[in-house]
Amino acid sequence: ESTKARLAAAEQEAKASKAAAEQAEIAKEQDAEVKDEALAASEKEAKELQAAKADLELAWGEVTKDLASEQDARKEAEEKLAALAKELEDAHLLADEAEALRKALQEAEEELAKRAGETDELGRELQVERALADESLEGVKGELSSKVDQLTADNEDLEEQLMALQAAAAALKALHAAVCQDGWGAPGDVGVALTRVSTQGGNEKGIKIGDVVPAGAAAESGEVIPDDLLLAVDGQSVDGMSAQQAAGLLEGPAGTPVTLKGQHGDQGETYEVTLVRKPKSGDVGIALGKAGGKGQGIKIGDVVPGEAAAQSGEMKPEDWLLAV
């Protein structure tokens, strides 16, 4: 403001000088000397005005520089104030987190105190349950001791019964030996020859009854005929068995029953028949299949283990019987 006042005063002086110069021009004709002096004075004042203007410009530059410095300082102060505000906000957040942690710690302490009380209560309950378990264990020990005594007595009774059964078994063996002298109870069968058959493609069809022995149990039933398929013996399927295994199911003591399930042909009706085994006729122990073509003879379907044919070591299943 001081500089502006000086500038205004300088402008007023310049105006005054200009007015004086004009007056000097007017008075030039009247007084040349006065004019020269006035001109000199005007030039002097103009120089002073130029100097004042230069001083004013210099002062204005200083003012502008001061204003720029003031703006930089203000900007720096605003940045510091923003940083302080951010730090204050972070401090508030940290305070909130600290308060939350304090509350969580307090809750944890309360929970620990509660759990400690529950643990004490549980310990007391366990002591009570242990006392009850000890009492129950004593009772169980007493019951077990009584049961051991009872089992010991029962064991003695069982030993006596076993001795009686062994005596009965000995008597039954003697009776069996007496019965076998008449043929019944000796090894028997139902009088059929079995063979395992398959299709031309190699898919197995099962066990076929190749022959039915005249006067045998199967022949006397009138139900079992050659070329029937044997499906089961006493409810046990023969699927997957060899002819020898299936024949073993048909064998048993003479005079005992056995139930056959069969089928007439590949697509015929199925049937069940109960036969009574008869004593074996004392043959050579081979099962015969169907006869072949002219000159082929009859195929041996199976060789019974332990019988004469098997003991010879010469005859085997699938051999051809040519003559007897």
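Two strands count as paired when DSSP finds at least two bridges between them. With that in mind, let us walk through this structure, which is a predicted model.

A good place to start is strand 1, which covers residues 187-189 and is joined to strand 6 by two bridges, with the two running antiparallel. If you look for Gly188, you will find that its bridge partner in strand 6 is Gly252. This pairing belongs to an open sheet of three strands, arranged in the order 6-1-9 and paired in the antiparallel sense. Strand 6 (252-253) and strand 9 (278-279) stand at the edges, and each has a single partner strand, so one side of each is left without a neighbour in the sheet. As a general point, the strands of a sheet pair through backbone hydrogen bonds, and they can do so in a parallel or an antiparallel way.

Let us move on to another pair of strands. Strand 7, made of residues 257-263, pairs with strand 8 over seven bridges, again in the antiparallel sense. Within this pairing, Thr259 stands opposite Thr274 of strand 8. The two strands form a hairpin with six residues between them, and in the turn Gly265 has a positive phi of about 70°.

Strand 8 itself, residues 270-276, is worth a second look. Which residues make up its covered face? They are Tyr271, Val273 and Leu275. The uncovered face holds Thr270, Glu272, Thr274 and Val276. Side chains in a regular strand alternate between the two faces of the sheet. You can follow that in the numbering here, with Tyr271 on the covered face and Thr270 and Glu272 on the uncovered one. Thr274, the residue opposite Thr259, is also on the uncovered face.

Now turn to helix 2, which spans residues 32-180 and includes Leu67. Leu67 joins Trp60 and Val63 in a nonpolar surface patch of about 300 Å². Is Leu67 buried or partly exposed? Its relative accessibility is 44%, so Leu67 counts as partly exposed; the range for that label lies between 20% and 50%.

Further along there is a patch of another kind. Asp154, Glu156, Asp157, Glu159 and Glu160 form a negative surface patch. One of these residues, Glu156, has its place in helix 2. Glu156 counts as partly exposed because its relative accessibility is 47%.

Charged residues in helix 2 also take part in salt bridges. Side chains of opposite charge can pair when their charged atoms come close. How many salt bridges does the structure hold? There are eight, and three of them can be visited in turn.

Among them is the contact between the side chains of Glu78 and Arg74, at 3.6 Å from N to O. These two residues are four apart in helix 2, which means that about one helical turn separates them. Glu78 has a relative accessible area of 45% and is therefore partly exposed, while Arg74, at 59% relative accessibility, counts as exposed.

Another salt bridge links the side chains of Arg115 and Glu111, with an N to O distance of 3.1 Å. Arg115 and Glu111 also lie in helix 2, four residues apart, or about one turn of the helix. Glu111 is partly exposed, because its relative accessible area is 35%.

The last stop on this part of the tour is the salt bridge between the side chains of Arg124 and Glu121, at 2.6 Å from N to O. Here the spacing is three residues, about one turn of helix 2. Both partners are partly exposed: Arg124 has a relative accessible area of 45%, and Glu121 has one of 35%.

To finish, let us visit two loops where the backbone deserves attention. Ala215 sits in the loop between strand 3 (204-212) and helix 3 (217-221). Its phi is near 70°, a positive value in a residue other than glycine. With a relative accessible area of 58%, Ala215 is exposed, as the cut-off for that label is over 50%.

Glu318 is found in the loop between helix 5 (308-312) and strand 12 (320-321). What is the phi of Glu318? It is positive, at about 80°, although this residue is not a glycine. Glu318 has a relative accessible area of 42%, so it is partly exposed.

Terms used:
Residues numbered from 1 in each chain as written. Heavy atoms only, no water. Patch = residues over 30% accessible without salt bridge, like charges linked within 9 Å, V, L, I, M, F, W, Y side chains within 5 Å. Areas by Shrake-Rupley, 256 points an atom, 1.4 Å probe, with all protein chains shown as cover. Salt bridge = Lys/Arg side-chain N within 4 Å of Asp/Glu carboxyl O. Buried < 20%, exposed > 50% of the residue type's maximum accessible area, 1.4 Å probe, protein only. Lys, Arg positive; Asp, Glu negative; His and termini not counted. Charge placed at Lys NZ, Arg CZ, Asp CG, Glu CD.
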